[in-house]
Structure formats: structure tokens, C-alpha cells
Amino acid sequence: FIPKSVMAAMFPSFSKNVNNYATVNSMLNKSFRYILLLAFPIVAGTILLRNQIIVFIFGQKFVESGDALGILIVGVIFIFASSVFSNVLSSTDRQKKVTVITGITVLLNAFSNIFLIYYYSYFGAAFATVITQGINSLMLYREIVKSRYKIYFGFLIKTSIASLAMALAIFLAEYFYPGLHLLITIFFGALVYFAVLFLIKEINDEDKNLAYSFADGLFKRKI
């Protein structure tokens, strides 16, 4: 849902500026940054709260699936990144490359599932998904590089710091308040994450204006 929403908003701009390298490269990096700013806390929070999330959604009898969820959620980073790469390639007339890579990924996923599920059951399915999504992301990134676009990864340092701070906050909340409701814990973690991003100056004025515009549009749509 998240990558599709972001990229649906960006796709027309990519297509409109297909011949403007600087504009497309700038929008590519903005999309990549926004997507991963959301992906990192989702992954970190889910790994820490995997058992609580399973119990909250499916009930106590499925709690053993929590570890599989902890593995599977890592693939979100690759899925989010791939959504940016594939949309940029598709909007710049490289749909065939995306189709070929998607086909290879499907085949890899099928074969890895056959092998890993046989030995590791549902954990194998989770590993297969993460591995194939990682390979898919790398193949798409290779095409991005071949297209002479440059992606900047510097923001990942501060994003990782904020994610670690959030993880520590969630751990302490769980330790000192073990009966705390899951949704309150998630809200608290998200609050810490974005507060740290703000304090270490990863969130700039452009980000704040974009967030206000998005919230305003969402509010008006509901009205």
C-alpha cells in the first residue's frame, strides 16, 4: 500500500520529465528516501513486536508464527526499494527490462520455495521471499545504474540511528510496561523515531511541507 501510494503520485512526473535527466534523478532520490524512511521503522518495529502483532491479529494459538514474520518483514525494505526502481524504469520506457527481471524473480522464488520449504517449513518460505526480493531489488538497481541515474545512500545513516533509537524505546517500554497495549507501543515507537529524525536534522522544511500537504489532502478527501 505505502510504496504504491507514493509511486502512484510520482509516476506522472517521471513520465512527464522522461527526457530531463536531472529532474528524474532528483525525483528518484526523493522517492527512494521517502520510501525507506518509512520502511526502516516498519521493519525494526515489526521485528521487535512480531509476537504481539501475531497475537493481536490472529490470536494466541498462532504466536509461533512470530519468528517467521520477523524474517519475512525484512523483505519490506527490498519491496519498497524495488517499487521505486521499477516505476522509474517503467516511466522512462524500460518496461521490458522490468518484465524480464520480474519473470526471473518469480522463477527464483518458485525454485527457492520448493527447496527451502522442504527443509525449513514456513521459515523456508519466509527466507525464500526475502532472498528473492533482495535479488529482484539488486537487479533493478543494476538497471538504474546502467541508465546513468545516481542514488545517494547517505540518509540511511541517520535513518538507521533513528530506527535504533526507536527499537531501544520500544524495548524499554516493553520491559517496564509489559501490559502496554500494542497500538500504544507502536505509536510511542513512531513518535520516538520521527522525533530523533527531527533532532538529528534528517527531516527538513521540504519534508515538513510535504507531510502537511499530504495530511491536508487526506483530511479533505475524507470530508
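**Exercise 1.** In this predicted model, determine where I151 lies and whether I151 counts as buried or exposed.

*Solution.* Step 1: I151 is placed in the loop that runs between helix 6 (95-146) and helix 7 (155-176). Step 2: The relative accessibility of I151 is 9%. Buried means under 20%, so I151 counts as buried. Step 3: Beyond its neighbours within four places in sequence, I151 is in contact with L28, N29, F32, F85, Y141 and I144. Step 4: S26 is 125 residues from I151 along the chain, and their C-alpha atoms are separated by 9.0 Å.

**Exercise 2.** Determine how helix 2 and helix 5 are oriented to each other.

*Solution.* Step 1: The axes of helix 2 (residues 21-48) and helix 5 (residues 75-91) come within 9 Å and cross at roughly 165°. Step 2: Angles over 145 degrees count as roughly antiparallel; the two helices are therefore roughly antiparallel. Step 3: The crossing of helix 2 and helix 5 is right-handed. Step 4: The residues of this contact divide into 16 nonpolar, two polar and no charged.

**Exercise 3.** Classify the aromatic pair of Y141 and F153.

*Solution.* Step 1: The ring centres of Y141 and F153 are 5.9 Å apart, and the planes stand at 70°. Step 2: Planes over 60 degrees apart count as edge-to-face, so this pair is edge-to-face. Step 3: Y141 belongs to helix 6, whereas F153 lies in the loop between helix 6 and helix 7, twelve residues apart. Step 4: Y141 is partly exposed at 27%, and F153 is partly exposed at 37%. Step 5: Together with F32, F85 and F155, Y141 and F153 form one aromatic cluster.

Technical notes
Residues are numbered from 1 along each chain as its sequence is written. This is a predicted model: local features need pLDDT of at least 70, side-chain atom pairs count only at pLDDT 80 or more; totals for chains, interfaces and linings use all residues. Side-chain values use heavy atoms; hydrogens and water are left out. Helices (H or I, at least four residues) and strands (E, at least two) are DSSP runs, numbered from the N terminus. Buried means under 20% relative accessible area, exposed over 50%, partly exposed in between (1.4 Å probe, protein chains only). Contact means heavy atoms within 4.5 Å. Axes are lines fitted to C-alpha atoms, for helices over the stretch in contact, and angles run from 0 to 180 degrees between N-to-C directions. Angles under 35 degrees count as roughly parallel, over 145 as roughly antiparallel, 65 to 115 as roughly perpendicular and the rest as oblique. A crossing is left-handed if the near helix is turned anticlockwise from the far one by less than a right angle, and right-handed if clockwise. Ala, Val, Leu, Ile, Met, Phe, Trp, Tyr, Cys and Pro count as nonpolar, Asp, Glu, Lys and Arg as charged, and the others, Gly among them, as polar. Rings of Phe, Tyr and Trp (its six-membered ring) pair if their centres lie within 6.5 Å; planes under 30 degrees apart count as stacked, over 60 as edge-to-face and the rest as tilted.
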